[in-house]
Amino acid sequence: MRKLKTLVLATAAASCFAATAAQAERGSAGQLNIVYWQAASILNPFLSGGTKDIDASSLILEPLANYRPDGSMDPTLAEEIPTVENGGVAADLRSITWKLKKGVTWSDGSAFTANDVVFSANYCMHPEGGCNAASNFADVESVEALDDHTVRVNFSVAKPFPYGPFVGATSPVIQEAQFKDCMGAKAPECSEANFGPIGTGPFKVNEFRANDVITYTANENYRDPNQPAFATAVFKGGGDAASAARSVLETGEFDYAWNLQVEPEILSQMEAAGKGKVVSAFGTSVERLMVQLTNPDPALGDLRGTVEGGPHPFLSDINVRKALSLAIDRQILVDAGYGPAGQVTCNVLPAPAIYASTANDACKTQDIDAANKLLDDAGWAKGGDGIRAKDGVRLSILYQTSTNSVRQGTQALIKQMWSQIGVETELRNIDAAVFFGGDQSSPDTFQKFFADIEMYTNNFDGTDPEAYMGNWVCSEIPSPANQWIGNNMPRFCSEEYDALSKEMAQTASLEDRAAMAKKMNDMLMQEYVMIPLIHRGRVSAHSNKLGNVELNPWDSELAYAEEWTR
Amino acid sequence: MLNYTLRRLLFAIPTLIVISFIIFAILALAPSDPTGNLPLTIPAEVREKIRIALGLGEPLPIRYLKWLQQFFINEPLHAIEQMFGFSFGGGEARTRVVSFATRGPVMDTIMERMPQTLWVVGLSYVVGILIAVPIGVISAYKQYSWFDQVGTFVSMVGFSVPTFFTGPLLIVIFSVQLGWFPSVYDTTLEVNSLGTFWQQIKQMIMPVTVLAFYNAAQISRFMRASMLDNLSQDYVRTARAKGMSEKVVILTHVLRNSLIPVVTVIALGIPTIFSGAIITEQIFRVNGLGQLLIIGIQGADIPMVQTLTFMFAVLIVLFNLIADIVYGLLDPRIRYD
């Protein structure tokens, strides 16, 4: 009853002071209701890489800097973003010095100091902890506190982009006092801390129910006395994307719904109810086809899908790869499966804008005739069954992806497009937990890639593509020798590409880095070892009553929830 | 009877151990990976470290024995300690069954969810039985009447239309169009006044209706068939010939005898209350055990799935036994000794 009453009062208050909502005082807007169709399991982002867990904890825990919705870095717990120009990043690029905001306190009232930052780094870098953010701390040699409000991160190599540790919601600062007995193997034993971390953010945990719901109350010690506008927040999890969308767009029970992978026409129908709107924003996710350059023939036994097993019988011919790309009408794929959540793209590196190449834009229009001509000229002649073949090798493709209705729709469309150029396609889908899982004994993982074409989405954290573009160097080729761990699914190997990747790791100037990244992207595209299809955005929905909210594709969607109003 | 019960209970132990091993083996051999659903931005080396931190680096027999120890020794000891507030000592070294996803004890999460499942799914079962038994009795007594025809039709619809259809249908009608009931179950609601009690009723109506409809359809068919069998028996004619009222004939003689097969169906259905109505819980976001199981399966949370599945197995074995014992109570002619 009391909750209902506060809600009524708050709504009344909100409507009275709507004009001054942005200046409203803390807690004046009542309750913020957020629905994620995947429920949060834990509130310690170092122990879970799941987006739902990271976003849920980003209301409580903060990093030193966050990414704004436009992709720029914005200091959160730091005074400013360290750069080479302001002296924060050493000239040799081997250290970065963060100056922390003064007077910040944890939600329990104790002071936030540099020691907490050092502790967070040691917590994540502990070899037995299984920290999910470990890649943020790659090449970090040590993190030291110079004084109470200055922290220096030392790298073992020159780091042109030193913003891995403590930038973005994946690597926040946790309180030393609370987690000091939870290092390494003991991390999972600290359920109480993992379910209710003490943070510096706008909210603190009131109640946490694993895999279900979290209730928050505003942090009375938050550094801005007027934020957050909401007195309480609820983070409800579970269900499916369509019903989450319905609860915001049609019934109005919730204010914000995350990641609405729903057929576009259903979403626009719901939006017509007029209670909320569907928003999308584009980060770096690209749905792409990976082309298998090695031979996946089961007859090869242990050599299957490895460089030693020899080249692919027909996909090693660049004309075939190019024809496959030419035959695809990407706009149809976007319209059928993605709607506002997708854009046609011809690059695996589509954003941020300075990295986006325009050299491959021809792919945006389908050209069946050119594809057919290319195959004719290359000697792939149509047989009696309409399928092209050369020297007894038929163009028959096994095309796999993870189980997901949108992906299966895309598969069916592409199969039909390829049939127009005399290519036969067999479709296969594998459960996501198996396909993306790393089970050594399973032949169905995306690393083993025992198929001709596979499709999935990949992206990178933050705004720097160095590590992402490094995925396609020779040493990243998965093979039995490295337990099939590696990101170079097409098994692409080029000395020139490797050299560029190395050079980029030593270049500091943003313009030069952008030029190199573009060049690497163009090499991959013009070799057709990957066929990009759709630049995928985040799609969420928020109530019309929610103000000052902008979908953030670069960080946690809730990273700036302290600024939201009603 | 006691002898029989004890014998059955002893037999249950090897059965359950075999079941636990089969569950473990199936989960261990399934090509599912707890790190499989993490974003691709987390590199493979980090994933490998996470897997080792979860204890997946150890050989299968060790993992199985560890689970046995955690489930059969550590968890009961912990429960006793919690209940009576004393310590057996060495509590620090005793690890409990810990979930891969929450990194917290599985049992705590299960206990947290038990009430919701019992309330929503249990209540729907009770409502289902309360509707089904009278419908079954009347349908059989007035066979081929319009009541029987309508009852048969409704049962067939209830039985053949899946809950994943009726659930969203009710949401569209009662939440979206009419706005009477919430479409999302508020699990944080605390019932401490008439107002919150009414809110609780409101949010339970739709999930309970969906499930009760389904359960009632099934049970009423059994009830009807069983009543029909008994109505044509000689003892019914005898009872009527003795001049007993129809009420006594039907409710005392026929109903009691007809309940025997129905009780089996009801008793064997009770474990499914605990396993939750997976789909219905998912649709209405009731945080019950069924939803917990499905999240566990999707996330390859092996300890969670293993523990839940095994608990369901225990319940099924137990309620099989209870059904047999209830036979004896309903029909004094049945003796097991």
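## A tour from the domain contact outward

Start where the domains of chain A meet: 10 residues of domain 1 of chain A are in contact with seven residues of domain 2 of chain A. Color the domain 1 side by class. Six of its residues are nonpolar, four are polar and none is charged. Keep in mind that this is a predicted model.

**Stop 1: the two domains**

Select 2-275 + 544-563 of chain A for domain 1. Then select 284-462 + 530-536 for domain 2. Place a marker at each C-alpha centre; the two centres lie 37 Å apart.

**Stop 2: chain A as a whole**

Zoom out and show chain A as a cartoon. Its secondary structure comes to 15 helices and 19 strands. Turn the C-alpha trace along its principal axes: chain A spans about 75 × 55 × 45 Å. A compact globule of 566 residues would have a radius of gyration near 24 Å, and the 25 Å of chain A agrees with that. Of these 566 residues, 53% count as buried. Now consider the contacts in chain A with a separation of 6 or more: 67% of them join residues 24 or more positions apart.

**Stop 3: the nonpolar core**

Nonpolar side chains tend to be buried together in soluble globular proteins. Here the largest nonpolar core has 210 residues. Select A:Ala245, A:Ala257, A:Leu260 and A:Val291, the residues with the most contacts inside it. Next, show helix α7 of chain B, residues 194-231, which gives the largest share of this core, 12 residues. Bring back the domain selections. Domain 1 and domain 2 of chain A both give residues to the core, so it lies between them.

Center on A:Ala257. Leaving out residues up to four places away in sequence, A:Ala257 touches A:Val35, A:Ala244, A:Ala245, A:Ser247, A:Val248, A:Ser540 and A:Ala541.

**Stop 4: strand β18 of chain A**

Select residues 453-458 of chain A, which form strand β18. Is it covered? Mostly: five of its six residues are buried. Add strand β11, residues 276-291, which pairs with β18(A) in the antiparallel sense over six bridges. In this pairing, A:Val291, met above among the core residues with the most contacts, stands opposite A:Ile453. Now add strand β16, residues 396-402. It pairs with β18(A) in the parallel sense over three bridges. A:Tyr399 also stands opposite A:Ile453. Follow the side chains as you go: in a regular strand they alternate between the two faces of the sheet.

**Stop 5: A:Asn319**

Move to helix α8 of chain A, residues 318-326, and pick A:Asn319. Buried or partly exposed? A:Asn319 has 17 C-beta neighbours inside 10 Å, so it counts as partly exposed. Beyond residues up to four places away in sequence, A:Asn319 touches A:Leu374, A:Leu375 and A:Ala378. Draw a C-alpha to C-alpha distance from A:Asn319 to A:Trp380: 9.7 Å in space, with their positions 61 residues apart in sequence.

**Stop 6: where chain B meets chain A**

Show both chains. The contact takes 51 residues from chain A and 48 residues from chain B. On chain B, select α2 (44-53), α4 (106-141), α6 (163-177), α7, α10 (278-284) and α11 (289-298); each supplies at least two residues of the side that touches chain A. Which helix gives the most? It is α2(B), with eight residues. Color this side of chain B by class to finish: 22 residues are nonpolar, 19 are polar and seven are charged.

Conventions: Residues numbered from 1 in each chain as written. Chains lettered and ligands numbered in written order. Predicted model: local features only at pLDDT ≥ 70, side-chain atom pairs only at ≥ 80, totals over all residues. Core = buried A, V, L, I, M, F, W, Y, C linked by C-beta atoms within 7 Å. Buried ≥ 20, exposed ≤ 12 C-beta atoms within 10 Å, placed from the backbone. Helix = DSSP H or I, 4+ residues; strand = E, 2+ residues; numbered from the N terminus. Domains from an automatic or database assignment. Contact = placed C-beta atoms within 7 Å. Rg over C-alpha atoms; globule rule 2.2 N^0.38 Å. Nonpolar A, V, L, I, M, F, W, Y, C, P; charged D, E, K, R; others polar. Pairing = 2+ DSSP bridges.
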